[in-house]
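Take a look at the model shown here. This report covers its cysteines, its charged pairs and one of its helices.

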Amino acid sequence: MPRFHRTVDHFRLERVDMGDSVVFLVFDIVRRKLVEEVTDYLSQIAFDTLDAKTLEKRAYHVIRVYEFLRLNNLTLNSLSDRKMKQFARWELGKTKKDKSHRGSEPAAKRTVNTKLDDVLLWLGWLQSRRGALIPGLTLPPFLSESCSFSTNPRRVSPIYFKGAAEKSKGRTISLPPEDKLEMVERFALETPISQYAARRDNLVVRLVKQTGLRRESFNSLRTRQFSREDVEACVDEFSVTPEVQKFSYENDVKIPRQMALEICDFIALDRKSVV
């Protein structure tokens with residue numbers, strides 16, 4: 001039975017190859033005992049057709065919580081949303097130092113959020129199976145039969161980093177051809193309902209063409225975000241953050257300075273005359 005182990009400062013994760021199956025054991029190195037609440041959990045989810053690599057990854061993410069608790073003289077029962085936020089920030093600092101992230105905070109936040117998924121799943125199981133209620137922790141209802149939550153915990157728990165959702169992969173972005181955009185722009189100018197509508201529509205078309213803003217993001221822009229003083233202070237581009245973005249991103253949108261000044265003029269002159 002070959003044994004492999006992976007160690008943090010105070011805990012050790014051992015993987016025992018049984019031939020046709022793999023068993024994971026978690027030990028408290030300092031207190032010299034088995035961490036039963038994690039070992040039992042790993043034994044349970046091992047029957048959910050998870051491969052050994054996934055099990056090992058989940059196990060390691062969980063014992064990182066124990067390491068955090070030990071370093072801060074905390075107990076499992078003292079966990080709360082606030083403490084889990086502290087754990088997330090602590091784990092973010094460690095993750096950013098990993099060479100695979102090269103110091104990128106957005107990428108590190110996405111990784112930490114994935115780790116938090118595994119940790120909360122374990123805590124949900126712990127509360128469900130062991131009756132170890134943690135009152136200060138916000139979790140959706142846990143489904144014992146499927147060992148999962150009834151809803152995505154990211155919609156419920158406040159511990160996740162916002163604006164760090166996984167980027168869409170394998171999806172081709174489709175943009176209208178340049179001639180179609182120019183046709184829409186000409187139409188907005190040549191067939192106006194009013195001079196106000198002509199200028200408004202022309203700015204809308206050019207702004208979307210320049211930035212690629214989605215409809216929801218564009219509609220969430222506010223006039224208060226376009227301060228003439230701030231725009232005039234920028235050199236080449238003016239940055240603005242739409243309040244609504246896909247996957248709750250918090251990305252800045254770069255607008256050419258001249259266009260941003262046109263928007264300021266429109267707000268101060270055209271829009272003011274009709275509002």
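How many disulfides does a search of the whole structure find? The count is 0 in this predicted model. A disulfide is a covalent bond between the sulfur atoms of two cysteines. To count as one, the two sulfur atoms must lie within 2.5 Å. Now look at C234. Its closest cysteine sulfur belongs to C264 and sits 9.1 Å away, so the two are too far apart for a bond. The search from the other side gives the matching answer: for C264, the closest cysteine sulfur is in C234, again at 9.1 Å. Are these cysteines buried or exposed? C234 is buried, with a relative accessible area of 14%. C264 is buried too, at 5%.

Next come the charged pairs. Side chains of opposite charge can pair when their charged atoms come close. The search of the whole structure finds 16 salt bridges. Three of them are listed here, with their N to O distances.

| Salt bridge | Distance, N to O |
|---|---|
| R15 and E56 | 3.6 Å |
| R199 and D270 | 3.0 Å |
| R200 and D201 | 2.8 Å |

Start with R15 and E56, whose side chains meet at 3.6 Å. This pair links distant parts of the chain: R15 is in strand β2 (residues 11-17), while E56 is in helix α2 (residues 52-71), 41 residues apart. R15 is partly exposed, at 24% relative accessibility. E56 is partly exposed as well, at 21%.

The salt bridge between R199 and D270 also links distant parts of the chain. R199 is in helix α6 and D270 is in helix α9 (residues 257-274), 71 residues apart. R199 is partly exposed, with a relative accessible area of 34%. D270 counts as buried, at 15%.

The salt bridge of R200 and D201 joins two side chains at 2.8 Å. R200 is partly exposed at 34% relative accessible area, and D201 is partly exposed at 27%. Elsewhere, salt bridges that share partners join R64, E91 and K115 into one network.

Finally, consider helix α6. It covers residues 195-211, which makes 17 residues. From first C-alpha to last, α6 reaches 24 Å, close to the 24 Å expected at 1.5 Å a residue. Which residues of α6 are buried? They are A197, A198, N202, L203, V205, R206 and L207. An α-helix has 3.6 residues a turn, so residues three or four places apart point the same way. Just after α6, G212 takes a positive phi of about 75°.

Terms used
Residues are numbered from 1 along each chain as its sequence is written. This is a predicted model: local features need pLDDT of at least 70, side-chain atom pairs count only at pLDDT 80 or more; totals for chains, interfaces and linings use all residues. Side-chain values use heavy atoms; hydrogens and water are left out. Helices (H or I, at least four residues) and strands (E, at least two) are DSSP runs, numbered from the N terminus. The expected span of a helix is 1.5 Å times one less than its number of residues. Buried means under 20% relative accessible area, exposed over 50%, partly exposed in between (1.4 Å probe, protein chains only). A salt bridge is a side-chain nitrogen of Lys or Arg within 4 Å of a carboxyl oxygen of Asp or Glu.
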